[in-house]
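Good morning, and thank you for coming. I would ask you to keep the sequence and the structure in view while I speak.

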Amino acid sequence: MRAGFPDFRLGNVLATSFTGTLTERRGDPVERIPTPQRLVDWLAVNGLAVDSCTPAQLDLARELREAIHAAATAAAVQDALPATAVQVINDFSADGRAAAILTPDGKRRWRLGSASRVEDALGVIAADAISIIAGERDGKLALCASPTCQAAFFDTSQSRTRKWCEMNTCGNRQKKARFNANQRRNSRSAG
């Protein structure tokens, strides 16, 4: 990762990983794609390499990210999907010109339009969001139990009872806070 920028949180589901480019939404938000080049980096790490990104395209990406977050959050708590978010996701999905291709080793990859446009990559992300929000994939949308995070994530665990978007960040932070609170309680009762 590029020096001076927060690390990317990478998950197994493209759309919810994309919403994770803004973390700690209910605390001190951390923007993980603060520059057009960081969006290029994130897309490349996720198999959607583009040649370049303009500030206007970064704004489009953030618009899609927030629409996916709003719709995924609503779906996770079984609320009605926000109409504006649905429209944004549908528009990005329809505007992208990407094609799924099969690699010789049997994997699916995306071939973006001839100019490797950011909009094509965003179309792939929007299509992935549609797939998970519509319930077409095995798993369920959930919200991170961390009070400062509340990120939408796609739970594919066998029991579908995962609590945190990432165990290495939110989960460990919550367990550490609980441990420290117990230590303080125990030291007060012992003294």
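Let us begin with β3, residues 99–102, and β4, residues 108–111, which pair in the antiparallel sense over four bridges. Please bear in mind that this is a predicted model. Within this pair, Leu102 stands opposite Arg108 in β4. The two strands form a hairpin, and five residues lie between them. One residue in the turn deserves your attention: Gly106 has a positive phi of about 80°.

Where does this hairpin sit in the chain as a whole? From the N terminus on, the order of elements is α-β-β-α-α-α-β-β-α-β-β-α. That gives six helices and six strands. The chain has 191 residues, and 39% of them are buried. Its accessible surface comes to about 10400 Å², with 50% of that belonging to carbon and sulfur atoms. If we take the contacts between residues at least 6 apart in sequence, 55% join residues at least 24 apart.

I turn now to helix α4, residues 83–95. What span should we expect for its 13 residues? At 1.5 Å a residue the helix should span 18 Å, and its end C-alpha atoms are 18 Å apart, so the two values agree.

Which residues of α4 are buried? They are Ala85, Val88, Ile89 and Phe92. These residues cover an arc of only 95° around the axis, which means that they lie on the same side of α4. On the other side, Ala83, Ala94 and Asp95 are exposed. The buried residues of α4 pack against two helices, α3 (55–76) and α5 (118–133).

This leads us to the interior. The largest nonpolar core has 37 residues, and the members that touch the most others are Phe18, Leu39, Leu64, Ile89 and Ile125. Which elements give two or more residues to this core? They are α1 (14–19), α2 (36–45), α3, α4, α5 and β6 (152–155). The largest share, nine residues, comes from α5.

Phe18 is a good residue to select on your screen. Leaving aside residues up to four places away in sequence, Phe18 touches Leu39, Trp42, Ala61, Leu64, Arg65, Ile68, Leu122 and Ile125. Apart from the largest core lies another core, of eight residues, including Ala151, Trp164, Cys165 and Cys170.

To close, I would ask you to return to α4 and find Ile89, which is one of its buried residues and is also among the core members that touch the most others. Thank you for your attention.

Note on methods
Residues are numbered from 1 along each chain as its sequence is written. This is a predicted model: local features need pLDDT of at least 70, side-chain atom pairs count only at pLDDT 80 or more; totals for chains, interfaces and linings use all residues. Side-chain values use heavy atoms; hydrogens and water are left out. Buried means under 20% relative accessible area, exposed over 50%, partly exposed in between (1.4 Å probe, protein chains only). Contact means heavy atoms within 4.5 Å. Accessible areas come from the Shrake-Rupley method with a 1.4 Å probe; for residues, only the protein chains shown count as cover. The expected span of a helix is 1.5 Å times one less than its number of residues. The arc is that of the directions from the helix axis to the C-beta atoms. Two strands pair if DSSP finds at least two bridges between them. A nonpolar core is a set of buried Ala, Val, Leu, Ile, Met, Phe, Trp, Tyr and Cys residues joined through side-chain atoms within 4.5 Å.
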